[in-house]
Amino acid sequence: MSRVYDCVIVGGGPGGLTAATYLARYRRQCLVFDTGQARAAWIPKSHNCPGFPDGVGGPELLARMREQARSFGVEAIDAEVTALRGNDDGFEIRHSDASVRARNVILATGCEDVTPPLERLEDAVACGAVRLCPICDAYEAIDRSIAVYGPPAKNAAHARFLRTYSRRVALVPSEPCDDADLREELAGDDIEVTAEATALHFDGKHCIFELGERARSFDVLYPMLGLISRSSLAVGAGARCDDEGALIVDPHQMTSVDGLYAIGDVVSALNQISVATGHAAIAATDVHNRLSRNYA
Ligand SMILES: Cc1cc2nc3c(=O)[nH]c(=O)nc-3n(C[C@H](O)[C@H](O)[C@H](O)COP(=O)(O)OP(=O)(O)OC[C@H]3O[C@@H](n4cnc5c(N)ncnc54)[C@H](O)[C@@H]3O)c2cc1C
């Protein structure tokens, strides 16, 4: 008989690594698969991550979390899980040309930002000229000139949220905006709706839009073009998701498939590190409680 893990965790970001640490400390056999593309790795410096008053960079946080999981004996494989199949004993998890078996699976695969076609995007994110998450870092944009770029109707709420931080917020449409009511409502909140953007550049410090005849530079750009949930493994195994493709879970983080849990950004919830780690604690504890007892 080949080995059966108590739990396989797909994804080694903040959610998956926290779940692994909890399960290892419950003295359960778990295995983490990861492809090294955590959204968390994009974070230049997070200032809302509990316990880091001076802020912490995403790569450093991930390194610390990996080290913590490893210190309790968590096994990890740098490989992509390509398929997940439920059976009477649990799950078969396929990766590369091999597969492993587990009684439970926690999916912590996160999501991807749809990004604009901008040369040197990584540099722009690293220096804060482009930011991807207003809840995370709008505080760092206080009193700056801010552009919210994307489909106007979907981004009015983001623009209003950012007005908490600056009087200079503009919504830059990525598609024609002929909704006069929306323009008027936003004008009432002192939010300008510019002409549709025809091009976007980064000069090493600022983002510059071509808006018809005019070029305009902003201190901070929030591209709000949407998120793609990495939920296909769970959906392929029969799990339910919302209209955006994010997974729907119960209060214990279990999907609609028995024994298949989902945590962090892949779940229909607020995309934040502290949410992902909270989900992880809940899911890992439920996994422990449903396994047979492992008395000392
Ligand atoms: C620029 C930026 C700044 C941010 N700032 C903050 C902040 O200040 N504070 C905050 O709370 N949040 C912040 N966030 C959000 C935060 O990064 C996410 O909420 C957090 O990373 C979610 O963790 P996660 O574990 O769910 O997913 P992720 O961090 O995305 O990790 C998912 C992991 O799963 C792996 N994976 C995916 N599919 C597979 C597969 N099939 N097989 C194996 N591995 C797989 C990926 O490679 C990845 O390593 C920011 C995000 C961005 C982009």
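Here's a short back-and-forth on this predicted model, covering its overall build, its domains and its ligand site.

Me: How many helices and strands does the chain have, and how compact is it?
Reply: The secondary structure comes to eight helices and 16 strands. On compactness, the globule rule gives 19 Å for 296 residues, and the chain's radius of gyration is close to that, so it's as compact as a globular protein of that length. The radius of gyration itself is 21 Å.

Me: What does the C-alpha trace span along its principal axes?
Reply: You get three values, one for each principal axis of the chain. They come to about 70 × 40 × 35 Å.

Me: How far apart are the centres of domain 1 and domain 2?
Reply: The domain assignment gives domain 1 as 4-112 + 226-290 and domain 2 as 115-223. Their contact takes six residues from domain 1 and eight from domain 2. On the domain 1 side, those residues are two nonpolar, four polar and no charged. As for the centres, taken over C-alpha atoms, the separation is 32 Å.

Me: Where does the ligand lie relative to the two domains, and why?
Reply: Start with the shell: domain 1 gives residues to it, and domain 2 does too. That's why the ligand's place is between domain 1 and domain 2.

Me: Which residues are closest to the ligand, and which elements give two or more residues to the shell?
Reply: In total, 40 residues surround the ligand, the closest being G11, G13, S46, G110 and G264. By type, the shell splits into 17 nonpolar, 16 polar and seven charged. The elements giving two or more residues are α1 (14-25), α4 (134-137) and α8 (273-290).

Me: At what angle do α1 and α8 pack, and what's the handedness of their crossing?
Reply: The axes of α1 and α8 sit 8 Å apart, at an angle of about 35°. Among the residues making the contact are P14, T18 and Y22 of α1, along with I273, A280 and V287 of α8. The contact residues divide into eleven nonpolar, six polar and no charged. The crossing of α1 and α8 is right-handed.

Terms used:
Residues are numbered from 1 along each chain as its sequence is written. This is a predicted model: local features need pLDDT of at least 70, side-chain atom pairs count only at pLDDT 80 or more; totals for chains, interfaces and linings use all residues. A residue is near a molecule or strand if its C-beta atom, placed from the backbone, lies within 6 Å of it. Helices (H or I, at least four residues) and strands (E, at least two) are DSSP runs, numbered from the N terminus. Ala, Val, Leu, Ile, Met, Phe, Trp, Tyr, Cys and Pro count as nonpolar, Asp, Glu, Lys and Arg as charged, and the others, Gly among them, as polar. Domain bounds come from an automatic or database domain assignment. Axes are lines fitted to C-alpha atoms, for helices over the stretch in contact, and angles run from 0 to 180 degrees between N-to-C directions. A crossing is left-handed if the near helix is turned anticlockwise from the far one by less than a right angle, and right-handed if clockwise. Two residues are in contact if their C-beta atoms, placed from the backbone, lie within 7 Å. The radius of gyration is taken over C-alpha atoms; the globule rule is 2.2 Å times the number of residues to the power 0.38.
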